[in-house]
Amino acid sequence: MLSSCTMLNKRAKAHSVLFMFMFLLLINFNLSQGNEVELLLSFKSSINDPSGFLSNWNSSTSFCLWHGITCNNFSSVKAIELIDKNITGTISSSIFHLPEIETINLTTNQLSGEIPYDLVSSASLRYLDLSRNKLTGPTPNCSIFLEILHLWDNLLSGKIPPEIGLCSNLKELDLGSNYLVGRIPSSISNISSLQILTLAGNYLIDQIPRELSQMKSLKWIYFGYNNLAGEIPQEFGHLVSLNHLDLVYNYLSGQIPSSLGNLSNLQYLYLFQNNLKGLFPRSIFGLKKLIELDVSDNYIFGEIPELVIEWQSLEILHLFDNAFTGKIPNSLASLPCLQLLDLSQNGLTGEIPSLICNVSSIEVLDLQDNNLSGPIPQCLGNFSKHLSNLNLNSNKLEGSLPGSLANCNNLDFLDIGNNKLNGTFPYWLYTLPELQVLVLQSNKLHGTLENSKAIRPFRKLRILDLSNNEFTGPLPKGIIENLKAVMNLNEQQSSSLQYMQGRYYLYGVNLTVKGFNTELIKISTIFTSIDLSDNNFHGEIPSVIGKLSSLRGLNLSHNNLSGHIPTSMRNMIGLEWLDLSSNKLMGQIPNELTGLTFLEILNLSHNQLTGPIPQGKQFSTFENVSYEGNLALCGFPLSKACNNDGRKQSPPSFFKEADDSETSINFGWKVVLMGYGCGLIFGALVGYVAFRNVPVVLISLPRIHGYVFVSVFAFALRISNSCNKMAMYFVSKYIWSWRVVAAFA
């Protein structure tokens, strides 16, 4: 009986202890939850939420249901994710005191101010992304528990603190696109777990620390767009896990380290826009996994070896703007995945190998600015499924353009300018449905442009340059009236600045823009121009040209065009430059052209234009050079004034008519010239006879010699003046007699 009572007492005590524990736990839970609400509301009070996304952040709703909040199994805040919500204000330190917080993602907002130092005190935080804001101040220290730190695209400044090396558990560190200065601290090498390191887009200087080669876990290095100098450390060859190495746009010098050939896992190697020189290391061809290689814009020389065949996974190859010589290797044809090949701006010679047509996956082929010769391979149509950009400008290519390119339905850029192509215009170009840029300038093409059977040629064409060829016939009215892309660029296209580009390539082209040869490194999708200059086109400018309302530049200079400037050109409201010089255009300049309010450059020189120059608006900004060589033009800015009726003011006659009879005769400079000319000759002869008997001794003296000369000349002028008066007297008598006869007739 006693033992049973004892047992009951023990159970009662156990229940009471358990009850007390549960009660305390419940109190602590409620206190904890209440504390988290306060911390979250404190954070909310420090920011502005114009979209109202945080409207349910209030005490009437459980915070686990608040927008952007994720709780764990114990109903504590695990994550705050407010991505791209246009939030402004500062970051309250309160969120770093949430006891169970693991993830804070506030990327792509308008947050400002400094990052709170309380970040160091959070023992639970693993992921922090504050990128793409307007945060200022120094780079913060982080806790030893943090694994992901993304602070790119802010306004952080100062040096990267050496204490960054204490973040021993970091796997990803991104401080790119800020205003950081100084050296890369070697203490970063202490973060042995680091896999991704991005410091690009800052103002970092000096050499890359060799100690970074100790970071065996590194898979990604991005130090581009800084001011780093010196050589690429040979020790980088020890980073055997490296997959991505990007050191572009720096001042790195020396040779490409041969040790990079040890990076067997490397897939992406970007070294362009540096000062690297020397031969291309043969060890690099051993990188079997290489997908993209860009060493362009350096000083690398030598031949491109046939060893490129080792890059069987290669998709992108940029070697442009170096000093490579020799022939294009045939082994490029054995790269089954190659999509982009850019060997431009080198010293390559020989012919384009026809074997290259075997790489049917190519999208971009750029061989411009080399010394390539011979014909263009007829098999280029093998690229029909993918080819979008073909640039062979500035070589010595001959023959005709391959008709097989008509199969390339995705071709939107074709530049074969500055070569030696001959033959007639390739009419099959009309059928290319996506063609936007066509440049055939400075070749030997001839014939007319009006024999096409295509119903709707060049529907998407925006840039057409056929200048400096031998084309004849009338301007291609059929082409002009079908350039729909130059007629109706909608407002949405005009307001958004975008550029022609592929997945790995920005389109560029050399054109004459506003009278200057210009390299467009990027081609805006709203840029439009037509250049048919330096040919033998004749006839009138078709009035249909006025439909090209979105055209920015038109150059028809140095042809044999005649007729009037069409008044329909007033509809070309987007025109920024217009060159019609060196033709045979006649008539007056249409006043309607003053409505072209974007017109910056106008050249109408060396034509046969007449009458007054239009005044007002843009025409008030043009100078004499715009009109020179048109002798019958008058008005500002020329010094020749116009009559009230708009005609050029003629030189004043010596005699004004006494009345306004219909048969008035004016005479002036011709009569005067006749009188003075005859008198001068006669006077000189008389003077010679009068002075020929002067003693030779006197004449030989300098002063007497001069006196005799001046006297003869003066005497001749007097005789000339008398003859002139006589000539004018007889002419006036003739006119008076003629008037008398006319009066009685």
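**Entry 1: the largest pocket**

I began with strand 37 (509–513) and strand 38 (516–520), each of which supplies at least two residues of the lining of the largest pocket. The model I am reading is a predicted one. I then looked up the volume and noted about 760 Å³ of space in the largest pocket. The lining consists of 28 residues, and those closest to the centre of the pocket are Phe320, Asp342, Gln345, Leu506 and Ile521. I also looked up the character of the lining: ten of its residues are nonpolar, nine are polar and nine are charged.

**Entry 2: the chain as a whole**

I next turned to the overall make-up of the chain. I recorded six helices and 47 strands. The chain has 745 residues, of which 46% count as buried. Its exposed area is about 36300 Å², with 56% of this supplied by carbon and sulfur atoms. For contacts between residues at least 6 apart in sequence, I noted that 51% join residues at least 24 apart.

**Entry 3: an annotated stretch**

I consulted the UniProt record, an unreviewed entry, which places the feature "domain: Leucine-rich repeat-containing N-terminal plant-type" at residues 35–72. In the model, I found residues 35–72 to be 29% helix and 13% strand. The C-alpha atoms at the two ends of this stretch lie 16 Å apart.

**Entry 4: Ser467 and Thr472**

I looked up Ser467 in the loop between strand 35 (463–465) and strand 36 (470–473). Is Ser467 buried or exposed? I noted a relative accessible area of 7% for Ser467; this is under the 20% cut-off, so Ser467 counts as buried. Setting aside neighbours within four places in sequence, I listed the contacts of Ser467 as Gln441, Ser442, Asp531, Leu532, Ser533 and Asn535.

I then moved to Thr472, which is found in strand 36. The relative accessible area of Thr472 is 30%, so I entered this residue as partly exposed. With neighbours within four places in sequence again left aside, Thr472 is in contact with Gly447, Thr448, Asn536 and Phe537. I also looked up the pair Thr472 and Asn535: they stand 63 residues apart in sequence, and their C-alpha atoms are 6.9 Å apart in space. Asn535 had already appeared in my list of contacts for Ser467.

**Entry 5: backbone details**

I looked up two residues with positive phi. Asp297, a residue other than glycine, has a positive phi near 60°. I located Asp297 in the loop between strand 21 (292–294) and strand 22 (299–303). Its relative accessible area is 24%, so I recorded Asp297 as partly exposed.

His558, also a residue other than glycine, has a positive phi near 55°. I located His558 in the loop between strand 41 (553–555) and strand 42 (560–563). His558 has 41% relative accessibility and therefore counts as partly exposed.

Which peptide bond did I enter as cis? The bond is the one from Phe636 to Pro637, with omega near 10°. I found Pro637 in the loop between strand 47 (632–634) and helix 4 (669–691).

Definitions and conventions:
Residues are numbered from 1 along each chain as its sequence is written. This is a predicted model: local features need pLDDT of at least 70, side-chain atom pairs count only at pLDDT 80 or more; totals for chains, interfaces and linings use all residues. Side-chain values use heavy atoms; hydrogens and water are left out. On a 1 Å grid over the protein atoms alone, a cavity is a set of points where a 1.4 Å probe fits but cannot get out, and a pocket is an open set with protein on both sides within 12 Å along at least five of seven lines; lining residues have an atom within 4 Å of a point. Grid points are joined across faces, edges and corners, and a volume is the space filled by probe spheres set on the points. Helices (H or I, at least four residues) and strands (E, at least two) are DSSP runs, numbered from the N terminus. Ala, Val, Leu, Ile, Met, Phe, Trp, Tyr, Cys and Pro count as nonpolar, Asp, Glu, Lys and Arg as charged, and the others, Gly among them, as polar. Buried means under 20% relative accessible area, exposed over 50%, partly exposed in between (1.4 Å probe, protein chains only). UniProt positions are given in the numbering used here, feature names are shortened, and annotations may be inferred rather than shown by experiment. Contact means heavy atoms within 4.5 Å. Accessible areas come from the Shrake-Rupley method with a 1.4 Å probe; for residues, only the protein chains shown count as cover.
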